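Q: Please give a close account of the aromatic rings in this model and of their setting. A connected description would be preferred to a list.

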Amino acid sequence: MEPILEGVKVVELAAWTFVPSAGAVLADWGADVIKIEHPETGDPQRGLVNSGVVAGRDGVNHFIEQPNRGKRSIGVDVSKPEGLEVVYKLVEQADVFITNLLPGSRQRLGVDVESIRARNPKIVYARGHGYGAKGEEADRGGFDLAAYWARGGIGDALAVTEDAYPPAQRPAFGDVFGGFAIAGGIAAALFRRERTGKPSVVDVSLLAAAVWQLGPDIVGSKLIGSTIPKYDLEEMPNPVASLYRTADNRFIALVLLQADRFWGELCTRIGREDMAADERFADAKTRFAHRRECIAELRKTFESRPLKHWQQRLEGFDAVWDTFQNALELHDDPQVKANGYLPEVTDANGNTFALAANPVQFDETPAQLRPAPGHGQHTEELLLELGFDWDQIIALKTSSAVL
């Protein structure tokens, strides 16, 4: 990938996935991203595989690799004065500082906006929040399951019925979306600084990310004075904009929004010319009136043959449709491969594995990713770049200020 942000230096004081995923995107785009980790504990996600909380293989911790690829890691105890001074020296040479520390922690440690800007007035300062920079809950921590999925309405919107349990959130589902928003905000702030010389404070919260993602439902609900009705697959307003099960328990999504344009050809392709001739299904208006019957007939048809049969019958159909895939199948998807959406990396232990590229490509060039750093892997390298000599580095290590 063209290094769009080559020459940009980012200092990241953050853990877990939300804010670190923003740093990963910036690293993908060519920035030098320096991840600050505590000398002893590091990013808490480093321990997830060893604890058995998440599945792993061959020592590859994908919960570290995905949001931290391409960075350099320095082990620094920010709570020690000499450790904080190391952070300040990094900040003096940086363009961006990003953090997910809560307001009280930022102020107590001396890494709030005022303290960082005292050492570098031109730095772009980015913050990831659970619930926003203002209000009574600004100092409240929040993971995406709480602030995004629960509080932000995503889980409720995806519940099948009003009285059903909301579906369980997939890992980091809101984090990666919110992190990408932070990266976009930082890129815009760098552009503004380039044009005007004025640095920005960039704020993204998981709650805001949910409000944005659920915008059509949230805006619409206020206009109609009630929550948007749940989807009932047995009574979809447009029977050919819905989901259908196949004989081998796979699923097809039909998205024929111009239903009348494609109805006749669909019926021919699935071998149901009788439905095209049925007066109950003659046009979108009558199909809506008889939607339950229409959906029942389509279900009966799709459930009579396996997925491969329907893929062959629908091939070349000039309407929008597709098949449901699971996460493992995406690795073999020809479009994913052709566009480099899952590039492979090889770590220091010789393990080769795929990572999910961020969705932006420049000049049609797929991302060339590098693995995540080891805990404090670049501590000495970065201290030398800052001008510390070996005696000073040894003193810092002896005091446990750095790893």
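Over the ring of which residue does the charged end of arginine 287 sit?

A: In this predicted model, the charged end of arginine 287 sits over the ring of tryptophan 263, at 4.6 Å from the ring centre. A further contact of this kind involves arginine 291, whose charged end is placed over the ring of phenylalanine 288, 4.3 Å from its centre.

Rings also pair with one another, and the structure holds 10 aromatic pairs. One of them joins tryptophan 29 and phenylalanine 362: the ring centres are 5.8 Å apart and the planes stand at 75 degrees, over the 60 degrees required, so the pair is classed as edge-to-face. Tryptophan 29 belongs to the loop between helix H1 (18-28) and S2, while phenylalanine 362 belongs to the loop between strand S11 (352-354) and helix H18 (379-385); the pair therefore ties together parts 333 residues apart in sequence. Tryptophan 29 is buried, with a relative accessible area of 7%, whereas phenylalanine 362 is partly exposed, at 22%. Through ring pairs, Trp29 and Phe362 are linked with Phe180 into a cluster.

Another pair is formed by tryptophan 149 and phenylalanine 173, with ring centres 5.7 Å apart and planes at 85 degrees, so this pair is edge-to-face. Here tryptophan 149 lies in helix H7 (residues 144-150) and phenylalanine 173 in helix H9 (residues 173-196), so the parts tied together are 24 residues apart in sequence. Tryptophan 149 is buried, its relative accessible area being 8%; phenylalanine 173 is partly exposed, with a value of 39%.

The loop that holds tryptophan 29 lies between H1 and S2, and S2 leads to the sheet. This open sheet has 6 strands in the order S3-S2-S1-S4-S5-S6, with parallel pairing. Strand S3 (72-75) and strand S6 (201-205) are at the edges; each has a single partner strand, so one side of each lacks a neighbour in the sheet. From one strand to the next, the twist averages 20 degrees. Strand S2 (residues 32-37) runs parallel to S3 and is joined to it by 4 bridges, and isoleucine 34 has arginine 72 in S3 as its bridge partner.

Two helices lie across parts of this sheet. Helix H4 (residues 81-92) lies across strand S1 (9-13), S2, S3 and strand S4 (96-99), and runs at about 170 degrees to S2. Helix H10 (residues 206-213) lies across strand S5 (124-129) and S6, running at about 70 degrees to S6.

Note on methods:
Residues are numbered from 1 along each chain as its sequence is written. This is a predicted model: local features need pLDDT of at least 70, side-chain atom pairs count only at pLDDT 80 or more; totals for chains, interfaces and linings use all residues. Side-chain values use heavy atoms; hydrogens and water are left out. Two strands pair if DSSP finds at least two bridges between them. Axes are lines fitted to C-alpha atoms, for helices over the stretch in contact, and angles run from 0 to 180 degrees between N-to-C directions. Contact means heavy atoms within 4.5 Å. Rings of Phe, Tyr and Trp (its six-membered ring) pair if their centres lie within 6.5 Å; planes under 30 degrees apart count as stacked, over 60 as edge-to-face and the rest as tilted. Buried means under 20% relative accessible area, exposed over 50%, partly exposed in between (1.4 Å probe, protein chains only). A charge sits over a ring if NZ of Lys or CZ of Arg is within 6 Å of the ring centre and within 35 degrees of the ring normal.
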